[in-house]
Amino acid sequence: MAVKDVLATLPWWVKWIAIPVIALVVFGSLIASIVGFLVGLLFKVLLFAALVGGLVYLVRRVTSASSSRGDW
């Protein structure tokens, strides 16, 4: 018997409630760790972009202020 035939004979609540609940119980910690890793990675990427943007802003501000004075 193929999996499709077995699933076709099951009631709807087994296919749509029981099987996903069992999958969450079995793989829940794996799913949570992957989601946590992705959220942490997204936070680090956004922090990196903000720090680089702040550095570019600071360098442009300092170089434009020093070039306008003509100290060189």
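Which residues does Leu 7 touch, not counting residues up to four places away in sequence? The legends below start with the whole chain and then zoom in, with that one picked up in the second view.

**Figure 1. The whole protein, a predicted model, stretched along one axis.** The C-alpha trace spans about 85 × 20 × 20 Å along its principal axes. For 72 residues, a compact globule would come in with a radius of gyration near 11 Å, yet this protein has 27 Å. The secondary structure is quick to list: 2 helices and 0 strands. As for the surface, about 6600 Å² is exposed, and carbon and sulfur atoms supply 78% of that area. Buried residues make up just 1% of the 72.

**Figure 2. Close-up of Leu 7 in helix H1.** Helix H1 covers residues 3-9, and Leu 7 sits in it. Here's the answer to the opening question: Leu 7 touches Lys 15 and Ile 19, leaving aside residues up to four places away in sequence. Leu 7 counts as partly exposed because its relative accessibility is 31%, which falls between the 20% and 50% cut-offs. For a sense of distance, take Leu 41: it is 34 residues from Leu 7 in sequence, and the two C-alpha atoms are 38 Å apart in space.

**Figure 3. Close-up of Trp 13 in helix H2.** Helix H2 runs over residues 12-69, and Trp 13 belongs to it. With 46% relative accessibility, Trp 13 is classed as partly exposed. Phe 37 is 24 residues away along the chain, and 32 Å separates its C-alpha atom from that of Trp 13.

**Figure 4. Close-up of Gly 36, another view into helix H2.** Is this glycine buried, exposed or partly exposed? Gly 36 has 42% relative accessibility, so it goes down as partly exposed. Looking back to Leu 7, the sequence gap is 29 residues and the C-alpha to C-alpha distance is 32 Å.

**Figure 5. Close-up of Val 45, also found in helix H2.** Val 45 has a relative accessible area of 46%, so this side chain's residue is labelled partly exposed. How many residues along the chain separate Val 45 from Ser 64? The count is 19, and the C-alpha atoms of Val 45 and Ser 64 are 28 Å apart.

Conventions
Residues numbered from 1 in each chain as written. Predicted model: local features only at pLDDT ≥ 70, side-chain atom pairs only at ≥ 80, totals over all residues. Heavy atoms only, no water. Helix = DSSP H or I, 4+ residues; strand = E, 2+ residues; numbered from the N terminus. Buried < 20%, exposed > 50% of the residue type's maximum accessible area, 1.4 Å probe, protein only. Contact = heavy atoms within 4.5 Å. Rg over C-alpha atoms; globule rule 2.2 N^0.38 Å. Areas by Shrake-Rupley, 256 points an atom, 1.4 Å probe, with all protein chains shown as cover.
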